[in-house]
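Hi,

Here is the structure I promised to pass on. Have a look at it first, and then read my notes underneath.

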Amino acid sequence: MKRAGENNDRIGLAGHAGAMLLYLAVTLVFTYPLVFNLGRTNGAGDPAVMVWSMAWIQNAVLTPASFFDANIFYPTDNALAYTDLLLPSALATLPVYLATGNPLVSYGVVLIATYVLSGYFVFLLAARLMRGLAFVYPAALFSGFVYAFCPYRTGHITQLNTMTTYFLPLILLFLHRYLEDGRRPRDMIALGVLFALNALSGLYYGIFAALMMAVFFVAWSLINRRAPKLRDFLYGIPVFAVCGAVLVAILLPYLQLSGAADHARSIDTAAGGSVIPQALLTSPPESAFLGWTPEAMNTTNEDGRPMYELTLYPGLVVALLAGYGLLGGRVAGHSKLYAAVGLAVFVFSLGPLLRLGGADIPLPYYPLYEFVPGFGNLRVPARMWAIVMVCLAVLAAFGLRRLMERLGGGRAFALAGVVLALTALEFLPTLPVDRFVDRGPFELEPAYTYLAENEGPDTVVAEIPFASSVDAFRETPRMVRSTYGWWNLVNGYASYFPDGYEKTRDALNTLPSDAGLSEVERLGIDYVVVHPSLFEDEGVPGDAVVSEMEDSGAFERVAGDGETVLYRHVP
């Protein structure tokens with residue numbers, strides 16, 4: 001006899017549509033008022049880099065432009081390889097870009113989609129693991145909500161590459177399908193494709209997904225007492241060889257750069273980007289009810305650690321439900337599996353070293369850092385927390401379903417409502433989210449309007465002063481503005497900078513000095529954009545720079561005002 005709330009059939013089309021609509025509705029609330037200002041808002045820093053990166057990929061697909069020879073860091077080859085690729089996101093929103101011509105809209109659409117897809121794919125995973133049991137649907141819905149809207153993701157909302165983690169639960173889903181449904185080749189092929197898409201969406205999670213798959217396979221085999229089968233290798237080796245070859249072909253410029261000595265992260269850098277215990281109790285400062293936790297837990301960014309890397313609070317309700325889900329029940333095997341995977345990945349996220357009393361104790365991440373290609377280039381092992389949150393979300397679904405089954409009837413659904421409401425209060429950001437407030441239409445200043453209307457991809461532009469310690473993200477809005485004409489920009493921003501960039505920056509910042517003019521002529525710079533107020537910020541009289549530019553005879557003023565002045569170089 002079927003238990004109350006039990007459904008042995010697959011979730012129907014209406015159920016899937018309802019799940020996606022729920023996640024979309026919550027997304028619109030949690031990011032309010034983003035949906036009303038998709039083409040009007042943009043922040044400096046990482047968001048601007050992501051806007052530019054997607055726009056460049058879309059431009060390269062639509063024009064004869066060389067794909068990796070992006071228009072920043074001129075004349076550097078393969079400049080796109082200095083930033084994350086975001087290829088699936090850019091291609092998915094290509095119709096949006098064609099329809100609007102506005103790269104900000106594409107970025108906003110992808111950001112919203114990361115929430116919906118993250119929730120929905122965890123929902124699919126949890127529903128698979130609890131299929132045939134009572135109250136699967138509400139428990140799976142809750143699981144997706146936990147993953148999509150957890151504080152970790154709110155803290156990383158400015159980093160689209162870190163938000164694009166919805167392939168991780170899909171990879172886990174197809175690992176289950178392959179190992180538990182007859183080890184079908186089609187499921188292995190799906191795994192390879194999903195792994196490749198995940199890597200092309202963000203290199204961090206390409207590397208972390210490989211680690212997650214290895215941990216999962218070992219844990220699943222031990223818990224189920226099933227040794228690997230010959231067919232696993234007969235299917236897996238050719239599938240991942242092909243996917244690996246495709247990835248190498250696409251990511252070759254990245255691989256070439258990663259081999260450079262200056263692209264390796266020091267062990268101190270990796271240790272500094274690892275999980276610290278107090279981060280587990282820290283919500284983002286934007287949290288409506290828990291925004292006080294960074295100061296209380298002493299996890300502010302005063303010591304140089306980015307705040308968004310230290311917001312790992314999983315939620316009290318989630319933690320309690322996950323613990324209850326571990327106690328056994330009708331999915332005991334899966335509970336052990338996700339506890340093992342989550343714990344193992346958490347241990348890796350602690351980084352390469354544990355420092356106690358002045359002594360460095362190697363941790364399991366250490367051999368990965370030292371000997372496995374890719375891990376030595378990663379600055380933040382703490383980003384593995386996205387995988388831990390998938391495991392916690394699944395375990396919390398197990399716990400909620402078990403409680404609902406014990407209560408039964410209307411009390412079960414009342415409990416689900418209370419649990420969802422409490423979790424939403426824990427996760428709710430301060431509304432409206434300031435970075436998405438309507439600041440009016442995005443408009444180019446006259447200097448950039450002139451470039452957009454009169455120049456193009458063959459034009460070389462430099463903007464002074466370059467970014468400095470006073471304003472590290474100064475270059476990122478300039479990268480976005482360059483998308484309106486795709487002129488070659490000597491400036492740029494990324495985690496790494498090309499060889500010689502500092503020398504070029506220092507010389508051009510002295511314009512119109514002889515050293516600056518020599519660099520202009522060496523690079524073939526056609527225009528220089530001068531920002532007098534930014535010179536003032538660094539203690540240099542901006543009006544004096546403008547006067548010297550106009551008196552030099554090497555430049556003529558063609559557009560702009562006292563804030564942004566465009567000069568044409570006169571050889």
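Below is what I found, starting with the sheet and then going through a few residues.

Before anything else, keep in mind that this is a predicted model.

The sheet: there is an open one with five strands, in the order β4-β3-β5-β7-β6, and its pairing is mixed. The edges are taken by β4 (488–489) and β6 (555–560); each has a single partner strand, so one side of each has no neighbour in the sheet. Helix α20 (residues 446–454) packs on this sheet and touches β3, β5 (527–530), β6 and β7 (565–569). The direction of α20 makes about 100° with that of β6.

At the β4 end, strand β3 (residues 460–464) runs parallel to β4, and two bridges join them. If you want a spot to click on, Val 461 has Leu 489 in β4 as its bridge partner. At the other end, β6 and β7 run antiparallel and are joined by five bridges. These two strands make a hairpin, with four residues between them. Gly 560 is paired there too: its bridge partner in β7 is Val 565.

Now for two buried residues. Ser 143 sits in helix α6 (residues 136–149). Its relative accessibility is 0%, so Ser 143 counts as buried. What does Ser 143 touch, leaving aside neighbours within four places in sequence? The contacts are Val 122, Ala 126, Ala 393, Val 394 and Ala 397.

Leu 85 is in a loop, the one between α2 (46–62) and α3 (87–92). Even so, Leu 85 is buried, with a relative accessible area of 2%. Again leaving aside neighbours within four places in sequence, Leu 85 has contacts that include Ser 53, Ile 57, Phe 67, Phe 68 and Leu 80, along with Leu 200, Ile 250, Leu 251 and Tyr 254. In case you want a distance to check your loading script against, Leu 85 and Gly 333 are 38 Å apart, C-alpha to C-alpha, and 248 residues apart in sequence.

Finally, the surface. Val 29, Tyr 32, Val 35, Phe 36 and Leu 431 form a nonpolar patch there, and together they have about 460 Å² of accessible area. Phe 36, one of the patch residues, lies in the loop between α1 (13–30) and α2. Is Phe 36 buried or exposed? Phe 36 is exposed, because its relative accessible area is 62%, over the 50% cut-off.

Cheers

Key. Residues are numbered from 1 along each chain as its sequence is written. This is a predicted model: local features need pLDDT of at least 70, side-chain atom pairs count only at pLDDT 80 or more; totals for chains, interfaces and linings use all residues. Side-chain values use heavy atoms; hydrogens and water are left out. Buried means under 20% relative accessible area, exposed over 50%, partly exposed in between (1.4 Å probe, protein chains only). Contact means heavy atoms within 4.5 Å. Two strands pair if DSSP finds at least two bridges between them. Axes are lines fitted to C-alpha atoms, for helices over the stretch in contact, and angles run from 0 to 180 degrees between N-to-C directions. Patches are made of residues with over 30% relative accessible area and no salt bridge: like charges are joined within 9 Å, nonpolar side chains (Val, Leu, Ile, Met, Phe, Trp, Tyr) within 5 Å. Accessible areas come from the Shrake-Rupley method with a 1.4 Å probe; for residues, only the protein chains shown count as cover. A salt bridge is a side-chain nitrogen of Lys or Arg within 4 Å of a carboxyl oxygen of Asp or Glu.
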